[in-house]
Amino acid sequence: MDDKHQTTPEEMFSFWMKSAMDFWQNMATVQPEASTPFGFPGFTDAGEKAKKGPTRKAQKNFEAGGKIFQSLMKSFSKPENLDAMMKGMDSVPDLAMVMMKQAMEGYQELQKQFMERAAKMGQQSKAYNFEDIDQDTFRAIRELYEKEFQKFLKVPSLGLTRFYQERFNDYLDKHNLFQTSLSEFLYMFYVPIEKTAGVMQEKLEEMAETGEIHDDFNQYYKMWVKILEGHYMTLLKSPEYTQVMDKTISSLVQYRDAKEAFVCDLLQRLPIPTNREMDELYKEIYHLKKKVRALSKQVDGRPSPKKG
Amino acid sequence: MSEPKIAVDLILKKLTENTEQAKSRAQKASEVLLGPLETDLSTTPFEVVYEEDRMRVKYYKPEKVTHKYPLLIVYALINRETMLDLQPGRSVIQTFLDNGIEVYMIDWGYPTRKDQFLTIDDHVNMYMDNVIDFILEKHGLPHLNLMGICMGGAFSVMYSALHPEKIKNLVTTVTPTNFDTDTGLLHIWMRNTHAYDMGSAYGNMPGDLMNLGFLLLNPARLIIDKYVGFFEHIDNKDFVENFVRMEKWIFDSPDVPGTTFRQFITECYQKNLLIQNKLELDGKRVDLKKITMPLLNIYGKFDHLVPPEACEHLTQKVGSKDKEDICLDTGHIGIYVSSKCQRLFAPKIAGWLREREDTPKKATRTRKKKTPAAETAAPKTAATRSVKAKTTKAEGAETKAKIKKDTAAARSKPKRAKK
């Protein structure tokens with residue numbers, strides 16, 4: 001080979017294909033008579049027996065598989081097919097890059113939110129004011145999830161088990177949404193603690209300047225809990241909190257429904273009645289009892305038997 | 001060199017003292033916690049006289065019966081009625097028994113999934129009606145005294161409007177009837193969220209979730225400060241016993257039947273139908289004007305669950321002539337468990353019922369304005385002076401004029417058959 005000639009990927013692939021083809025061709029054409037069950041020549045009786053039975057069947061399957069692979073390799077070694085395959089393989093990295101890029105952009109946005117949040121920590125937080133609660137982070141998480149991940153769970157399911165797949169995907173989806181809402185809800189309860197720390201700091205500074213330092217730590221605790229209570233009272237009445245609470249409740253209810261549906265699917269395989277089945281029974285019993293009571297009152301003017 | 005503003009030496013000295021105190025407290029605390037503690041609730045003897053589904057009725061018999069008409073107490077579906085019999089010395093039930101009143105109390109039990117379809121109508125017109133019929137039949141009486149607490153009070157109001165002929169006197173305590181207020185957090189949350197969906201999602205509204213909601217009403221005090229206070233007094237046996245008793249009661253929360261919960265939130269909290277006379281139970285409208293029996297309405301000034309704004313409108317809407325509001329300087333639970341209110345609350349009710357024991361049911365007795373000191377039958381103490389009784393205004397002249405008008409109207413119209 002010429003030193004200056006650089007081997008192209010197509011040539012390498014073609015060489016590899018040919019080698020593989022030769023190998024499997026040789027393997028496929030090995031005579032069954034020459035091979036005995038234990039690989040020892042001379043045991044012709046064993047070789048005769050090997051012509052029939054499961055071993056011969058396995059060998060036939062192996063031969064057929066080898067021939068299929070041969071024809072595949074032959075097809076791939078044709079220049080035009082090889083060319084098409086190389087083009088296809090070229091696009092795989094591009095596809096992966098696109099997916100990675102999307103995920104990275106989402107992650108960078110999220111990180112930006114975190115950094116902005118961290119930067120705000122040094123700023124003064126207004127006491128008894130909850131209009132500036134940083135909910136953008138949670139909004140970003142939710143948007144990232146809805147934009148990048150939720151669509152995979154919403155892909156239409158196919159086949160015999162499509163309904164079960166759908167319900168399972170729905171359960172996962174609602175679980176993730178609930179977790180996001182719950183995180184935001186719990187964060188709301190952390191905010192007053194943060195604000196109280198800020199207010200306490202200011203008060204302690206004032207007290208230190210005027211020399212009104214208590215030697216009883218209980219006083220500081222009482223001061224802290226009173227300020228905290230005030231912050232919570234303001235927060236819990238605010239529309240921001242009510243909205244987050246409503247969102248959390250709604251996502252909890254949806255998650256619960258989705259989980260119920262998924263668990264019912266699982267329980268159907270077991271000899272255990274599901275909540276859905278029991279609820280139907282309970283409803284029937286409820287209506288029946290109501291009817292019996294009404295009829296009982298009509299008949300003898302008294303409700304159904306009771307302990308007196 | 002100027003004197004330091006912070007006396008570090010004093011702080012350190014205090015810290016040392018506190019550490020020594022904490023050590024001594026811990027030693028006593030272990031003796032208290034590991035020793036015998038009397039924390040049982042509901043120790044007043046009773047007999048279960050009626051059972052229907054999950055509900056049962058407890059009967060408390062006094063040593064000497066001095067009241068002709070028994071008192072039926074209807075508690076809320078949230079938490080347990082054992083609060084009325086928390087401990088000896090702090091038992092509303094015992095006070096009633098000491099005043100010679102036979103007491104029946106509904107124990108709503110612990111709903112299971114099969115109870116999720118029960119409605120408010122089932123609780124009011126089925127369970128309550130059956131219990132009242134049973135009691136009336138047992139005593140051979142045409143009517144009895146009814147006392148409702150919180151949501152049980154709302155049920156009692158509904159029942160009294162639908163079956164006024166069976167109720168002699170009505171007492172409502174910390175009872176929400178007007179839900180159009182933003183004073184209480186519960187009102188804000190119930191009106192601005194879809195909390196009622198939780199009942200449907202779980203079948204019944206879980207008691208644990210409700211407990212969590214109540215804790216969130218004031219997390220600083222109810223989750224942090226309460227337990228700090230406990231640890232500060234952990235070496236005090238009486239304190240620990242009272243604390244544990246309250247803990248036992250407050251976290252003993254049955255589930256609420258899902259349909260009832262949903263109905264109560266949507267029709268009461270969100271649409272406020274009760275006070276507007278628009279609430280319907282099984283097609284029958286609850287008309288507060290049909291409540292004509294004497295009414296005593298007690299509520300707490302510092303009640304964060306059922307604020308005064310939610311309670312005080314009831315007396316203006318009922319058809320009763322004999323009606324009275326009492327606002328006590330206490331909260332939602334304090335009205336039953338605080339030792340101060342024990343001397344005001346139950347004796348006041350007993351006295352009020354005694355005054356109306358012999359009056360005919362349809363008497364148009366006018367409640368005259370009295371000074372707060374003269375109203376209560378309880379022994380006068382410093383705490384009694386803090387009770388602020390509100391009576392209806394200008395009742396005397398107004399009532400007389402109305403009686404004349406009603407009598408004239410009745411003469412001119414043909415009599416209608418009673419339902």
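# Notebook: two chains and where they meet

I started at the contact between the chains, which draws 32 residues from chain A and 35 residues from chain B. I noted right away that this is a predicted model. Which helices of chain A supply at least two residues each to the side that touches chain B? I found α6, α7 (217-237), α8 (239-267) and α9 (275-300). I then looked for the largest share and got α8(A), with 8 residues. Sorting that side of chain A by class gave me 16 nonpolar, 4 polar and 12 charged residues.

**Entry: one helix pair across the contact**

Next I picked out α7(A) and helix α8 of chain B, residues 219-232. Their axes are 9 Å apart, and I logged a packing angle of about 145°. From α7(A), I wrote down A:Val225, A:Leu228, A:Glu229 and A:Tyr232 as the residues making the contact. On the α8(B) side I have B:Pro219, B:Ala220, B:Arg221, B:Ile224 and B:Asp225. I sorted the residues of this contact too: 6 are nonpolar, 3 are charged and no polar ones turn up.

**Entry: chain A by itself**

How many helices and strands does chain A have? I counted 9 helices and 0 strands, so to speak a plain run of α-α-α-α-α-α-α-α-α from the N terminus on. Chain A has 308 residues, and 10% of them count as buried. I also checked the contacts in chain A with a separation of 6 or more: residues 24 or more positions apart account for 71% of them.

I wanted a helix pair inside this chain, and took α5 (residues 136-153) and α6 (residues 162-210) of chain A. The two axes come within 11 Å and cross at roughly 175°. An angle over 145 degrees counts as roughly antiparallel, and α5(A) and α6(A) are therefore roughly antiparallel to each other. α5(A) brings A:Phe138, A:Ile141, A:Arg142, A:Tyr145, A:Gln150 and A:Leu153 to the contact. From α6(A) I listed A:Asn169, A:Leu172, A:Asp173, A:Asn176, A:Thr180, A:Ser183, A:Glu184 and A:Tyr187. By class, I have 6 nonpolar, 5 polar and 3 charged residues in this contact.

A reminder to myself for reading such lists: an α-helix has 3.6 residues a turn, so residues three or four places apart point the same way.

**Entry: chain B by itself**

Over in chain B I found 17 helices and 13 strands. Of its 419 residues, 41% count as buried. Among contacts in chain B between residues at least 6 apart in sequence, I noted that 79% join residues at least 24 apart.

**Entry: strands β3(B) and β6(B)**

I looked at strand β6 of chain B, residues 103-107, where 4 of the 5 residues are buried. Which strands does β6(B) pair with, and in what sense? I found β2 (residues 55-60) of chain B pairing with β6(B) in the antiparallel sense over 5 bridges. β3 (residues 71-74) of chain B pairs with β6(B) in the parallel sense, over 4 bridges. For the β2 pairing I wrote down B:Val57, whose bridge partner in β6(B) is B:Ile106. For β3 I have B:Leu71 opposite B:Val103 and B:Leu72 opposite B:Tyr104.

β3(B) also pairs in the parallel sense with strand β7 (residues 144-149) of chain B, over 4 bridges. There I noted B:Gly148 of β7(B) as the bridge partner of B:Val74. Are the side-by-side residues of β3(B) buried or exposed? B:Leu71 and B:Ile73 point one way, B:Leu72 and B:Val74 point the other way, and all are buried.

**Entry: the largest nonpolar core**

Two of those β3(B) names came up again when I opened the largest nonpolar core, which has 120 residues. I listed the members touching the most others: B:Leu72, B:Ile73, B:Phe96, B:Val103, B:Val131, B:Met158 and B:Phe345. Helix α3 (residues 120-139) of chain B gives the most to this core, 9 residues. I followed up B:Met158: leaving aside neighbours within four places in sequence, B:Met158 is in contact with B:Val124, B:Leu281 and B:Val286.

**Entry: an enclosed helix**

Last, I turned to helix α5 of chain B, residues 185-192. Why is α5(B) largely enclosed by the rest of the structure? Because 6 of its 8 residues are buried. I noted them as B:Leu185, B:Leu186, B:His187, B:Ile188, B:Trp189 and B:Met190. What covers them includes α7 and α8 of chain A, together with α10 (258-270) of chain B.

Terms used. Residues are numbered from 1 along each chain as its sequence is written. Chains are lettered from A and ligands numbered from 1 in the order in which they are written. This is a predicted model: local features need pLDDT of at least 70, side-chain atom pairs count only at pLDDT 80 or more; totals for chains, interfaces and linings use all residues. A residue is buried if 20 or more other C-beta atoms lie within 10 Å of its own, exposed if 12 or fewer, and partly exposed in between; C-beta atoms are placed from the backbone. Two residues are in contact if their C-beta atoms, placed from the backbone, lie within 7 Å. Axes are lines fitted to C-alpha atoms, for helices over the stretch in contact, and angles run from 0 to 180 degrees between N-to-C directions. Angles under 35 degrees count as roughly parallel, over 145 as roughly antiparallel, 65 to 115 as roughly perpendicular and the rest as oblique. Ala, Val, Leu, Ile, Met, Phe, Trp, Tyr, Cys and Pro count as nonpolar, Asp, Glu, Lys and Arg as charged, and the others, Gly among them, as polar. A nonpolar core is a set of buried Ala, Val, Leu, Ile, Met, Phe, Trp, Tyr and Cys residues joined through C-beta atoms within 7 Å. Two strands pair if DSSP finds at least two bridges between them.
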